[in-house]
Amino acid sequence: MGRTRLSIAIVLSSAALAAALPRASHPAEGGGSLTFEAIQAGAVFTGRFDRFRADIDFDPADPSACRFDVRIETASADTLESQRDEVLKGPDFFWVQQHPVATYAGRGCRADGKGYALDGELTLRGVTRIVPLRFTYAPGENAAGIEGSARLSRLDFSVGQGEWQSTEWVGDAVTVRFDLLLPAD
Amino acid sequence: MPLTNTADRYGLVPQLLHWIVVILIGVQYWLAETAEELPLGMEKLAVLTRHKSVGITILFIALLRVTWRLLDRPPAPPPMPAWQRTASTLVHWGLYALLFAMPLTGWMMSSAANYPVSWFGLLQLPDLVMPSEALKEVLEEVHEGLFVALLCLAGLHVLAALKHQFVDRDGLITRMLPWGGRD
């Protein structure tokens with residue numbers, strides 16, 4: 001119970017953090033952020049990808065025609081601590097030398113409660129699996145906002161080899177959040 | 001033995017808290033040294049996590065101890081020169097201050113490194129500062145510097161207690177021990 005509330009606080013603080021520590025650029029088309037939350041030693045921490053490209057077609061009038069094509073540079077993972085980043089990019093986790101890009105591809109969204117859902121395929125560290133995501137759509141004058149999240153198991157994608165297969169100190173569940181600004185056509 | 005302070009002895013509760021902190025500081029030093037030797041990996045993460053949980057425990061006990069100290073009048077010390085009284089007051093409050101400063105700088109260090117602190121995996125604590133590797137480096141120096149200060153003050157504290165026991169023979173040390181008495 002307390003966990004839910006705390007993780008919300010973490011999301012807010014990571015948003016505040018992103019605002020407080022601007023990076024040189026956010027090359028997502030139209031702008032946005034892509035962050036992930038994982039659990040280390042019982043505490044949620046947040047990291048982000050600084051380089052990704054999201055090509056998204058979405059029309060709320062016809063969600064079934066939607067298309068998501070997202071490419072993420074795994075080497076742009078940043079947890080704001082260089083030692084951990086090194087391990088994260090190393091062969092035991094993302095193995096960025098071998099798998100420099102992770103992709104998420106999906107077609108055909110469906111209305112789901114107040115927002116939308118998509119069952120797309122995530123390819124990460126050479127493993128492809130369906131990862132459902134949910135998002136909300138906020139139309140704007142010049143750009144529309146798409147904000148959502150997905151929950152996945154890092155071990156499903158072999159992220160965490162050797163001793164890191166244990167989930168005692170680094171949790172298996174990872175929440176990925178995205179907040180994207182799409183230029184209106 | 002009474003739980004609270006009497007005219008010539010600390011109560012069982014403040015005695016227990018005093019000695020628990022002594023043991024926990026020893027544990028902290030050992031955990032910190034162990035972590036220092038390890039490369040970044042599961043084991044280091046585990047050791048540092050315990051170091052943080054124990055540190056938060058010390059912070060909590062420090063809060064209890066200071067509250068107790070302010071609410072429950074400590075036993076009167078044996079007669080001694082005024083400068084010794086002053087020195088003892090300074091050392092005691094310095095030690096209390098370090099019992100707060102050490103865990104707080106450690107906690108800030110963790111926040112600065114974007115490793116939020118969990119107390120034994122039961123409770124996630126809020127971050128005290130924004131992540132920043134430069135700030136983390138500074139805090140690490142401060143944290144270690146404070147430990148040296150803690151060693152110095154604790155050394156003075158022990159030497160003074162030994163002097164009272166073996167030079168002055170005034171039984172001061174029994175104020176903090178559940179056994180032995182001066183009556």
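Biologist: In this predicted model, how many residues lie between β7(A) and β8(A) in their hairpin, and which residue in the turn has a positive phi?

Modeller: The hairpin of β7(A) and β8(A) has two residues between the strands, and A:Gly113 in the turn has a positive phi of about 60 degrees. The two strands, β7 at residues 110–112 of chain A and β8(A), run antiparallel and are joined by three bridges, and within this pairing A:Asp112 has A:Gly115 as its bridge partner.

Biologist: How should I read the strands on either side of a turn, and where does β8(A) pair over nine bridges?

Modeller: As a general idea, the side chains of a regular strand alternate between the two faces of the sheet. Here, β8(A) pairs over nine bridges with β9, residues 127–138 of chain A, in the antiparallel sense, and A:Thr123 stands opposite A:Thr128 in β9(A). The hairpin of β8(A) and β9(A) also has two residues between its strands, with A:Arg125 taking a positive phi near 55 degrees.

Biologist: What joins β6 of chain A to β8 of chain A?

Modeller: Three bridges join β6, residues 101–107, to β8, residues 115–124, and these strands of chain A run antiparallel; A:Ala105, for instance, has its bridge partner in β8(A) at A:Glu121.

Biologist: Turning to the contact between the chains, how many residues come from chain A and how many from chain B?

Modeller: Chain A brings 22 residues to the contact and chain B brings 19 residues. On the side of chain A that touches chain B, α1(A) gives the most, with five residues, and by class this side has 13 nonpolar, seven polar and two charged residues.

Note on methods: Residues are numbered from 1 along each chain as its sequence is written. Chains are lettered from A and ligands numbered from 1 in the order in which they are written. This is a predicted model: local features need pLDDT of at least 70, side-chain atom pairs count only at pLDDT 80 or more; totals for chains, interfaces and linings use all residues. Two strands pair if DSSP finds at least two bridges between them. Helices (H or I, at least four residues) and strands (E, at least two) are DSSP runs, numbered from the N terminus. Two residues are in contact if their C-beta atoms, placed from the backbone, lie within 7 Å. Ala, Val, Leu, Ile, Met, Phe, Trp, Tyr, Cys and Pro count as nonpolar, Asp, Glu, Lys and Arg as charged, and the others, Gly among them, as polar.
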